[in-house]
Amino acid sequence: MEYISNFFNSTGIAQLIGDPALLVKTLIMYAIVGVLFYLAVVKGFEPLLLLPIAFGMLLANLPGADLFHMEKFFLGDHIDIQQIISEGSLIDFLYLGVKLGIYPSLIFLGVGAMTDFSPLIANPKSLFLGASAQFGVFAAYFGAIMIGFKENAAAAIGIIGGADGPTAILVTKILAPTLLGAIAIAAYSYMALIPMIQPPLMKLFTTKKERSVVMTTLRPVSTVEKVAFPAIVTLIVVMIVPDAAPLVGFLMFGNLLNVSGVTDRLSKTAQNELINIVTIFLGVSVGATANAENFLSPTTLYIIVLGLIAFMLSTIGGLLAGKLMYILTKGKINPLIGSAGVSAVPMAARVSQIVGQKENPSNFLLMHAMGPNVAGVIGSAVAAGVFLTLFK
């Protein structure tokens with residue numbers, strides 16, 4: 001009986017029964033995990049990201065599993081690698097890729113290899129739309145300051161408005177690591193909910209006439225332009241905002257692998273095996289930071305609300321910039337492509353296409369929307385670099 005008693009007392013069930021407060025918090029976290037599973041599996045919203053994050057949350061909230069020790073990473077900038085090697089558990093090792101800023105940059109490498117920058121090169125005015133769609137980032141930053149967040153935490157919250165998960169993770173792990181779980185989950189959840197969040201705003205801020213505009217076909221882009229673009233953008237952006245180098249540099253390097261025509265194997269590896277492996281490690285390790293103790297707090301609620309406001313304001317900023325371009329070009333630009341200025345590639349561009357085609361079945365906005373969409377990726381990386389320069 002003593003062996004049975006000792007075994008039972010070592011189980012997670014005994015820990016939950018012995019601590020009613022822990023039991024309630026754990027059940028709430030399981031409910032949140034269930035919602036994320038539902039969005040990923042049933043609704044198909046960003047499953048490659050939400051599913052690993054949700055399972056990481058589940059692992060972090062298993063009593064007694066002891067897979068992740070947050071205190072080893074969140075006590076200042078110094079990391080005792082030897083202590084982690086000798087005392088760490090599985091997710092401690094995986095989380096090193098987040099703490100050292102490795103995963104977000106490798107994700108950008110894969111994104112760059114998968115992204116076609118031709119629409120942006122063919123229509124440089126798209127940069128204005130991508131920049132305008134960062135409005136929510138800075139609006140949320142000031143909003144967070146007003147309700148009492150410190151500057152570094154406010155910057156991490158604001159970056160949710162860029163609709164770019166890896167960027168949000170990189171900024172947060174440097175400026176406000178204890179908020180990483182809440183910010184990452186908010187960022188990826190709103191990215192997944194783009195088809196639900198954006199269309200009502202698009203209809204609210206544009207007229208039927210504007211949504212029905214058929215844009216002319218983009219000009220062909222030469223191979224020389226495609227190859228020169230990544231190098232030029234890297235030089236210009238990093239010269240101005242050096243802290244954007246890890247994201248912009250790897251984004252453009254990935255794209256160069258794709259368009260150069262001589263590194264097909266490397267490009268395919270970045271697009272497939274590498275980004276898939278890193279996505280698994282990133283999702284699980286980020287999800288593991290969301291344990292009940294630090295996730296179930298008023299701060300998390302504020303982050304979720306501010307993140308939604310940031311994302312909505314970014315969408316509105318892009319739409320208003322699109323309306324301005326519609327006026328300046330005398331009706332040649334469909335304002336719907338402005339909403340694609342948030343950097344969720346290519347989902348935001350697809351939403352612009354879907355909404356535009358509902359108004360006019362002969363409307364094909366996808367390639368036009370990809371211009372602001374990829375400009376938004378660059379814009380969010382620049383915004384991240386600005387915050388890191390100011391507050392790290």
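Is Lys268 buried, partly exposed or exposed, and what is its relative accessibility?

1. Lys268 counts as partly exposed, at 47% relative accessibility (buried means under 20% relative accessible area, exposed over 50%, partly exposed in between, with a 1.4 Å probe and protein chains only). Its salt-bridge partner is Asp264, with the closest N and O atoms 3.3 Å apart; Asp264 is partly exposed too, at 45%. The two sit four residues apart in helix 18 (residues 264–287), so about one helical turn separates them.

2. A word on the basis: this is a predicted model, where local features need pLDDT of at least 70, side-chain atom pairs count only at pLDDT 80 or more, and totals for chains, interfaces and linings use all residues. Residues are numbered from 1 along each chain as its sequence is written, and side-chain values use heavy atoms, leaving out hydrogens and water.

3. The structure holds five salt bridges (a side-chain nitrogen of Lys or Arg within 4 Å of a carboxyl oxygen of Asp or Glu). One of them joins Lys323 and Glu210 at 2.8 Å, N to O. This pair links helix 20 (residues 298–328), home of Lys323, to helix 15 (residues 208–211), home of Glu210, across 113 residues (helices are DSSP runs of H or I, at least four residues, numbered from the N terminus). Glu210 is buried, with a relative accessible area of 8%.

4. Do look at Glu359 and Arg211 as well, whose side chains meet in a salt bridge of 3.0 Å, N to O. Glu359 lies in helix 21 (residues 347–359) and Arg211 in helix 15, so the pair ties together parts 148 residues apart in sequence. Glu359 is buried at 18%, and Arg211 is buried at 9%.
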